[in-house]
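Take a moment to look over the sequence and the fold. Then follow the chain step by step.

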Amino acid sequence: MREMKTVLVFKTSVSSDCEARMVKPLLDSLMGSRERWNFDLEDCDNILRVEAVSIHPASIIGRLSEAGYTCEELED
């Protein structure tokens with residue numbers, strides 16, 4: 001049986017490719033092998049999109065907060 005992926009969308013204060021590279025190890029450590037994430041830094045909200053099976057939004061928010069960035073989940 002195939003697991004359903006959920007797409008989570010967050011507004012962040014990560015505003016450059018350099019900052020995105022700095023948080024890469026933090027986000028990668030939360031992800032399974034088939035889960036993905038990416039930033040849309042062209043968007044005014046510096047969007048972080050996460051395709052995941054079993055990640056809770058609070059863990060992503062907490063990890064970025066620990067690194068000094070704001071992160072809030074956007075609802076549909």
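What pattern does the protein follow, read along the sequence? The pattern is β-α-β-β-α-β. That gives two helices and four strands. The radius of gyration is 12 Å, close to the 11 Å that the globule rule gives for 76 residues, so the protein is as compact as a globular protein of that length. Keep in mind that this is a predicted model.

Now consider the overall dimensions. Along the principal axes, the C-alpha atoms fill a box of roughly 40 × 25 × 20 Å. The accessible surface comes to about 5,100 Å². Carbon and sulfur atoms account for 49% of that surface. Charge comes next. The protein carries 9 positive and 15 negative side chains. The centres of these two sets lie 8 Å apart.

How does the chain meet itself? Take the contacts between residues at least 6 apart in sequence. Of these, 65% join residues at least 24 apart.

Turn to the interior. Of the 76 residues, 30% are buried. In soluble globular proteins, nonpolar side chains tend to be buried together. Here, the largest nonpolar core has 18 residues. Phe39, Leu48, Val50 and Ile60 have the most contacts inside this core. Which elements give two or more residues to the core? They are strand S1 (6-12), helix H1 (17-28), strand S2 (36-40), strand S3 (47-52) and helix H2.

Leu48 shows how such contacts look from one residue. Set aside residues up to four places away in sequence. Leu48 then touches Leu8, Val9, Phe10, Thr12, Leu27, Trp37, Asn38, Phe39, Ile60 and Leu64. Two of the core's most connected residues, Phe39 and Ile60, are on that list.

Next, visit the loops. Start between S1 and H1, where Val14 lies. Is Val14 buried or exposed? Its relative accessibility is 0%, so Val14 counts as buried. Beyond residues up to four places away in sequence, Val14 touches Glu19, Ala20, Phe39, Leu41, Asn46 and Tyr69. Val14 and Cys71 are 57 residues apart in sequence, yet their C-alpha atoms are 8.6 Å apart in space.

Ser13 is in the loop between S1 and H1 too. Ser13 has a relative accessible area of 28%, so it is partly exposed. Leaving aside neighbours within four places in sequence, Ser13 is in contact with Glu19, Asn46, Tyr69 and Thr70. Asp40 is 27 residues from Ser13 along the chain, and the two C-alpha atoms are separated by 12 Å.

Move on to the loop between S2 and S3. Asn46 is found there. Why does Asn46 count as buried? Its relative accessible area is 13%, and buried means under 20%. Its backbone has a feature to check as well. Phi of Asn46 is near 45°, a positive value in a residue other than glycine. Outside its neighbours within four places in sequence, Asn46 is in contact with Phe10, Lys11, Thr12, Ser13, Val14, Ser15, Phe39, Asp40 and Leu41. Ser13 and Val14, the two loop residues we visited earlier, are among them.

The next loop runs between helix H2 (57-66) and strand S4 (71-73), and Tyr69 has its place there. Tyr69 is at 11% relative accessibility, so it counts as buried. Again leave aside neighbours within four places in sequence. Tyr69 is in contact with Ser13, Val14, Glu19, Met22, Val23 and Leu64. Here Ser13 and Val14 appear once more. Tyr69 and Pro57 are 12 residues apart in sequence, and their C-alpha atoms are 15 Å apart.

Finish on helix H2, which holds Ala58. Ala58 has 45% relative accessibility, so it counts as partly exposed. How far apart in space are Ala58 and Glu73? The distance is 8.7 Å, C-alpha to C-alpha, and the two are 15 residues apart in sequence.

Go back to the loops for a last look. Asn46 is in contact with Ser13 and Val14. Tyr69 is in contact with Ser13 and Val14 as well. Trace these contacts on the structure.

Terms used: Residues are numbered from 1 along each chain as its sequence is written. This is a predicted model: local features need pLDDT of at least 70, side-chain atom pairs count only at pLDDT 80 or more; totals for chains, interfaces and linings use all residues. Side-chain values use heavy atoms; hydrogens and water are left out. The radius of gyration is taken over C-alpha atoms; the globule rule is 2.2 Å times the number of residues to the power 0.38. Buried means under 20% relative accessible area, exposed over 50%, partly exposed in between (1.4 Å probe, protein chains only). Contact means heavy atoms within 4.5 Å. Accessible areas come from the Shrake-Rupley method with a 1.4 Å probe; for residues, only the protein chains shown count as cover. Lys and Arg count as positive and Asp and Glu as negative; His and the chain ends are not counted. The place of a charge is taken as NZ of Lys, CZ of Arg, CG of Asp or CD of Glu. A nonpolar core is a set of buried Ala, Val, Leu, Ile, Met, Phe, Trp, Tyr and Cys residues joined through side-chain atoms within 4.5 Å.
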